[in-house]
Amino acid sequence: ARPIFITLVLLAALGVTSAGKSVLVLLQNANTADKYSKFFGSLRDYGFDISVKGVKDSSLKLKEYGTWLYDDLVLFAPQTEGFGGNIDRQGILDFVDSGHNVLLALNSDASESMRNLAAEFGVDVDDRGSKVYDHFNHATLNGKEDHTLIAGGDVVDAPVMVGGPYKEPVLFRGIASVIPGDSELATVALGAPSTSYSHAPKQAMLEPPSLMVGSAISLVTAVQARNNARVVVAGSLEMFTNDIFDAVVTVKDVSTHTANWAFTVTLARWAFQDRGVLVASNMRHHLLGSDEQPWGYRVNDDVEFLVDIVEVDGGVPKPFAADDIQLEFIMLNPYIRQPLQHDGNGTFSLRFKVPDVYGVFKYYIDYAHRGYSYVKLTHQVPVRPYKHNEYERFLLCAYPYYASAISVMAGFFALGFFYLYNK
């Protein structure tokens with residue numbers, strides 16, 4: 001109970017709770033909000049305060065007198081080239097740099113401005129007018145077969161991020177994007193089927209085709225910045241609409257509902273840091289057999305390190321359990337790198353022997369698991385050598401050397417006695 005209490009106090013200080021989190025939604029036309037009523041209504045049910053405005057509203061502003069007015073931003077205006085009020089692309093980047101979150105939805109008519117904004121987050125969107133096609137994994141809606149209505153099922157294996165796995169398809173109609181292969185921050189939340197490709201109908205097919213083919217296509221991309229701010233770039237605005245949520249489609253002669261509601265709401269909650277948030281607190285260390293934290297250690301001391309980590313879901317902390325959190329004990333290079341053990345109640349610990357090297361060490365934890373916020377902790381501690389009066393007087397392993405020294409002295413006295421007193 002103690003770690004949870006400490007974390008509740010920390011969460012209150014940091015404001016990590018979904019209740020009352022304000023979200024600014026910018027639509028191409030504010031009058032079209034009813035098309036997304038189920039999506040916004042679900043977010044309201046989770047405690048988010050949704051404010052819907054038109055993208056050209058002259059009163060728009062994210063910041064006033066140095067204070068951010070919103071916690072999260074939703075951009076459902078793919079065709080816009082600019083914003084009203086005091087919002088611009090640099091303001092949105094500053095918004096993310098300050099730890100806030102963005103949900104960006106595009107479509108085949110995405111403007112250059114919106115595609116450039118996605119590129120700022122490490123997501124390269126295909127040319128305007130292009131669409132994702134699939135002649136094998138598409139859906140039939142209202143009796144109309146549509147090869148651009150992709151029946152996606154390749155969701156990332158991270159339930160904390162997207163929920164699932166889903167038996168129903170996630171419908172997608174929109175524009176393709178790709179992320180660099182060496183990207184450390186971006187994750188393909190919804191990938192395209194291997195039989196899909198991206199093409200602009202009014203242009204000739206390239207020979208050979210572009211890289212927007214098959215599994216290289218990202219339909220929905222999730223990005224977590226190094227400051228734990230989150231950005232989601234979806235290539236389809238239509239996948240958030242009530243019509244798709246309620247749709248009954250036919251995929252490969254099988255009639256089924258869609259998983260869009262569960263997928264998009266779960267992903268939005270993750271994007272707004274309502275899921276997958278880790279909070280570490282109460283880091284401590286001590287000698288075995290003592291509860292007091294010392295200023296430093298002596299070489300070869302037996303010590304124990306502990307830290308409390310909880311997962312926040314919907315503003316409610318619960319003990320986190322994982323076997324892949326490592327502790328490093330570092331002086332220039334790690335002398336110790338071992339996994340922490342958890343007790344099931346959110347406390348992670350490790351017992352180890354201090355290396356036989358003195359200097360300034362530091363405890364170091366750098367945990368980055370897909371779908372969860374990063375945990376990075378450091379704590380410096382000196383390690384001293386033995387004092388002159390702390391060494392053992394007699395070592396068991398040195399008894400042969402003691403015996404040899406004593407035998408040499410005994411032989412010297414015997415030889416001297418024999419030489420002096422023998423006639």
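**Exercise 1. Helix H3 and its surroundings**

Which residue with a positive phi follows H3, and which residues of H3 are buried?

Step 1. H3 leads into Gly99, which has a positive phi near 100 degrees. Helices (H or I, at least four residues) and strands (E, at least two) are DSSP runs, numbered from the N terminus. The model is a predicted one, in which local features need pLDDT of at least 70 and side-chain atom pairs count only at pLDDT 80 or more, while totals for chains, interfaces and linings use all residues. Residues are numbered from 1 along each chain as its sequence is written, and side-chain values use heavy atoms, with hydrogens and water left out.

Step 2. H3 covers residues 89-97, and Gly91, Ile92, Leu93, Phe95 and Val96 in this helix are buried. Buried means under 20% relative accessible area, exposed over 50%, and partly exposed in between (1.4 Å probe, protein chains only).

Step 3. Those buried residues pack against H4 and against strands E4 (67-68), E5 (72-76), E6 (101-105) and E17 (230-234).

**Exercise 2. The nonpolar cores**

Find the residues with the most contacts inside the largest nonpolar core, and the helix that gives the most to this core.

Step 1. A nonpolar core is a set of buried Ala, Val, Leu, Ile, Met, Phe, Trp, Tyr and Cys residues joined through side-chain atoms within 4.5 Å. The largest one has 47 residues, and Phe39, Phe76 and Val220 have the most contacts inside it.

Step 2. Helix H7 (residues 260-271) is the main contributor, giving six residues.

Step 3. Take Val220 and leave aside its neighbours within four places in sequence: its contacts (heavy atoms within 4.5 Å) then include Thr187, Leu190, Val232, Met239, Phe263 and Leu267.

Step 4. Another core, of 32 residues, lies apart from the largest one; Leu62, Ile87, Ala225 and Val233 are among its members.

**Exercise 3. Salt bridges**

How many salt bridges does the structure hold, and are Arg115 and Asp308 buried or exposed?

Step 1. The total is 18 salt bridges, each a side-chain nitrogen of Lys or Arg within 4 Å of a carboxyl oxygen of Asp or Glu.

Step 2. Arg115 and Glu112 form one of them, at 2.6 Å from N to O. The two residues are three places apart in helix H4 (residues 112-120), so about one helical turn separates them. An α-helix has 3.6 residues a turn, so residues three or four places apart point the same way. Arg115 is buried at 12% relative accessibility, whereas Glu112 is partly exposed at 43%.

Step 3. Arg269 and Asp274 form another, with the closest N and O atoms 2.8 Å apart. Both Arg269 and Asp274 are buried.

Step 4. Asp308 pairs with Arg284, the closest N and O atoms being 3.4 Å apart. Because Asp308 lies in strand E22 and Arg284 in strand E20 (residues 277-287), this pair ties together parts that are 24 residues apart in sequence. Asp308 is buried, with a relative accessible area of 0%, and Arg284 is partly exposed at 21%.

Step 5. Arg298, Asp301, Arg384 and Glu390 are linked in a salt-bridge network.

**Exercise 4. Strand order in two sheets**

Give the strand order and the edge strands of the open sheet that contains E9, then of the one that contains E28.

Step 1. The sheet with E9 has five strands in the order E12-E10-E9-E18-E19, paired antiparallel. Two strands pair if DSSP finds at least two bridges between them. E12 (170-172) and E19 (254-257) are the edges, each pairing on one side only.

Step 2. Neighbouring strands in this sheet are turned by 50 degrees against each other on average, direction ignored; axes are lines fitted to C-alpha atoms, for helices over the stretch in contact, and angles run from 0 to 180 degrees between N-to-C directions.

Step 3. E9 (residues 138-141) and E10 (residues 144-152) are antiparallel, with four bridges. His138 has Ile150 in E10 as its bridge partner.

Step 4. The sheet with E28 also has its order over five strands, E21-E29-E28-E24-E25, with mixed pairing. Its edges are E21 (297-298) and E25 (333-339).

Step 5. E24 (residues 326-331) and E28 (residues 359-367) run antiparallel and are joined by three bridges. Glu328 has Tyr364 in E28 as its bridge partner.

**Exercise 5. A hairpin**

Which residue in the turn between E22 and E23 has a positive phi?

Step 1. E22 (residues 302-313) and E23 (residues 316-319) pair antiparallel over four bridges. Val310 stands opposite Pro319 in E23.

Step 2. The two strands form a hairpin with two residues between them, and Gly314 in the turn has a positive phi of about 65 degrees.
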